[in-house]
Amino acid sequence: MNTKQYAARTRRICMTAALGGLLFGFDTAVISGALQMIKGQFSLNTVMEGWLVSSGLLGCIIGVLITGILSDRIGRKKTILLAAFMFLVSAIGCSFPSSVSQLIFFRLIGGVGVGMASVISPMLIAEFAMPESRGRMIAYYQLAITAGILAAYFSNVIISGLPQGATDSNTIAALLVQEKWRTMFLVMAIPSILFLLLLFRVPESPRWLITRGKREQASVILHDLRPAEQAAKELDAITTAASRQSTQQRSWKDPAIRLPLIIGIVLAVFQQFSGINAIIYYGPKIFASANAGNENAMVFQSILGAVNVLFTIVAIKTADRYGRKALLKWGLTGIVFSLFTCGFLFYTGYTPPVLVLTLILIFIACFAFSLGPVTWIIINEMFPTDVRVKAVSICTMFLWIANWIVGQFFPWLLESVGAGITFWIFAVCSLINYFFSINIVKETSGKSLEEMENVFVAPH
């Protein structure tokens, strides 16, 4: 077998794991099209609207908290299989609730799956990928998120345009036609089933196997994915690192853990405080406030989804070539510019829809090639193997807490201080992130996971 064939095998595993991101994205974005219909049918006030959106995010926090324990105890593969099952249960449960409480419960279940996948999918990719292509492979996870978001937008637009149909029948088929938001949720069952089936062909992480003393099983998997010499070298490096780490009394004050943890938490929180998910969740509402009209608002949202996908491909092509810090610098510059300018337009009341769309497209494009994928890349490659799942879970938990704050309070901010000041708040947060990324974040591209410790420990 030649090098390209080994690389193709590794890529298949990474792309299967990345499908967790597709379901993450779909679950996150599907609510944007369904929200107004659900709000009207169940007469939700602003607080309940925020709770419906953010209930899934609360589930994400729960999912992140349990993933660290599960992943270390039962392994990466079983954990990601459980996450996939959660997606399927949520898709079916959200399609047929009889009350808002039931809908929120199944949104919570889906959120648990999203939280688990947001930890374990990119971690699996990081542990299987080769150092020279790890940034690109983890960026596929972000690409899958954007593809899931785009799929939800297109699905919502198509379902919204379907004829209403009969209203007399109480059959499930008639219910899905009459109350289209149910169909929007049910569509997610299709990728959930596909994800479940593909995961059965993914092997367990060799790094986890070695921490459990299963060197022979790890060796078999590595030799199936790498040329013999490279597999043996990687196996020895992983074993040596695992042995050294098992004899150390690890402390969170250890520079190899403390600084990466600070970087991971700050990047995770400020990724969300850029306002990205406010636009994903409430995009139609923002465009409607710019006099775009409800139909155009849905179309504009789909355009944003397409740009999100296209510019994530830019990250895939450049993350390993130019490095993580360069992408953060370029992307955050565009993010700050677009948010400040957009805030100015809304503050002055001059909001031509095409200009608002253009500025938000700039924001989405810059986020998609920088802050979106690079945050996930850095979080999943910085930490030593023995604390990786715990540290990644902590960073991801902070990401989802920040996400929940934005989802819960964005409608209130729009009503209380207006869109202009809201955009400026996001712009200030992104400006802080810019200076942090330039001065504190370390470059991590091109190094193996076992070499990463040296990046954060000052030379003697």
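**Exercise 1. Describe the surface and the overall make-up of the protein.**

Solution. The accessible surface of the protein amounts to about 18100 Å², and carbon and sulfur atoms account for 66% of that area. The model from which this value comes is a predicted one. Turning to the secondary structure, the protein contains 20 helices and zero strands. Of its 460 residues, 60% are buried. As a last step, look at the contacts whose separation is 6 or more: 82% of them join residues that stand 24 or more positions apart.

**Exercise 2. Find how many salt bridges the structure holds, and work out which parts of the chain the pair R9 and D224 ties together.**

Solution. Begin with the total, which is 14 salt bridges for the whole structure. One of them joins R9 to D224, with 2.2 Å between the closest N and O atoms. R9 belongs to helix α1 (residues 3–42) and D224 to helix α10 (residues 215–225), so this pair ties together parts of the protein that lie 215 residues apart in sequence. To place the two residues with respect to the surface, recall that partly exposed lies between the limits of 20% and 50% relative accessible area. R9 is partly exposed because its relative accessibility is 26%, and D224 is likewise partly exposed, with a relative accessible area of 38%. As general background, side chains of opposite charge can pair when their charged atoms come close.

**Exercise 3. Place D72 in the structure: in which helix does D72 lie, is D72 buried or exposed, and which residues does D72 contact?**

Solution. The first step is to locate D72, which is found in helix α2. Its relative accessible area is 19%, and because buried means under 20%, D72 counts as buried. Setting aside the neighbours within four places in sequence, D72 is in contact with W208, R212, V389 and K390.

The next step concerns K390, which forms a salt bridge with D72 whose closest N and O atoms are 3.1 Å apart. This pair links distant parts of the chain, since K390 sits in helix α18 (residues 385–416) and D72 in helix α2 (residues 46–74), a distance of 318 residues. Unlike the buried D72, K390 is partly exposed, with a relative accessible area of 41%. Finally, D72 and K390 belong to a network of salt bridges that also includes R76, E127 and R388.

**Exercise 4. Compare the two charged residues E179 and R182: how far apart are their closest N and O atoms, and are the residues buried or exposed?**

Solution. E179 and R182 form a salt bridge in which the closest N and O atoms are separated by 2.5 Å. When their accessibility is then considered, both residues turn out to be buried.

**Exercise 5. Identify the residues of the positive patch and of the nonpolar patch on the surface.**

Solution. The positive surface patch is made up of R73, K78, R212 and K214. Taking K78 as an example, this residue is found in helix α3 (residues 76–95), and its relative accessible area of 55% makes it exposed.

The nonpolar patch consists of F340, V428, L431, I432 and F435, which together have about 420 Å² of accessible area. Helix α19 (residues 418–439) gives the most to this patch, contributing four residues. L431 lies in helix α19, and at 33% relative accessibility L431 counts as partly exposed.

**Exercise 6. Examine the interior: how many residues of helix α17 are buried, and what surrounds D27 and L261?**

Solution. Start with helix α17 (residues 371–381), where eleven of the eleven residues are buried, so that this helix is largely enclosed by the rest of the structure. Among these buried residues are P373, W376, N380 and E381.

Continue with D27, which lies in helix α1 and is buried, having a relative accessible area of 6%. Apart from residues up to four places away in sequence, D27 touches S90, R107, G110, V114 and M188.

End with L261, a residue of helix α12 (residues 255–272) that is buried, with a relative accessible area of 14%. The C-alpha atoms of L261 and A391 are separated by 6.7 Å, although the two residues stand 130 residues apart along the chain.

Key. Residues numbered from 1 in each chain as written. Predicted model: local features only at pLDDT ≥ 70, side-chain atom pairs only at ≥ 80, totals over all residues. Heavy atoms only, no water. Patch = residues over 30% accessible without salt bridge, like charges linked within 9 Å, V, L, I, M, F, W, Y side chains within 5 Å. Areas by Shrake-Rupley, 256 points an atom, 1.4 Å probe, with all protein chains shown as cover. Salt bridge = Lys/Arg side-chain N within 4 Å of Asp/Glu carboxyl O. Lys, Arg positive; Asp, Glu negative; His and termini not counted. Charge placed at Lys NZ, Arg CZ, Asp CG, Glu CD. Helix = DSSP H or I, 4+ residues; strand = E, 2+ residues; numbered from the N terminus. Buried < 20%, exposed > 50% of the residue type's maximum accessible area, 1.4 Å probe, protein only. Contact = heavy atoms within 4.5 Å.
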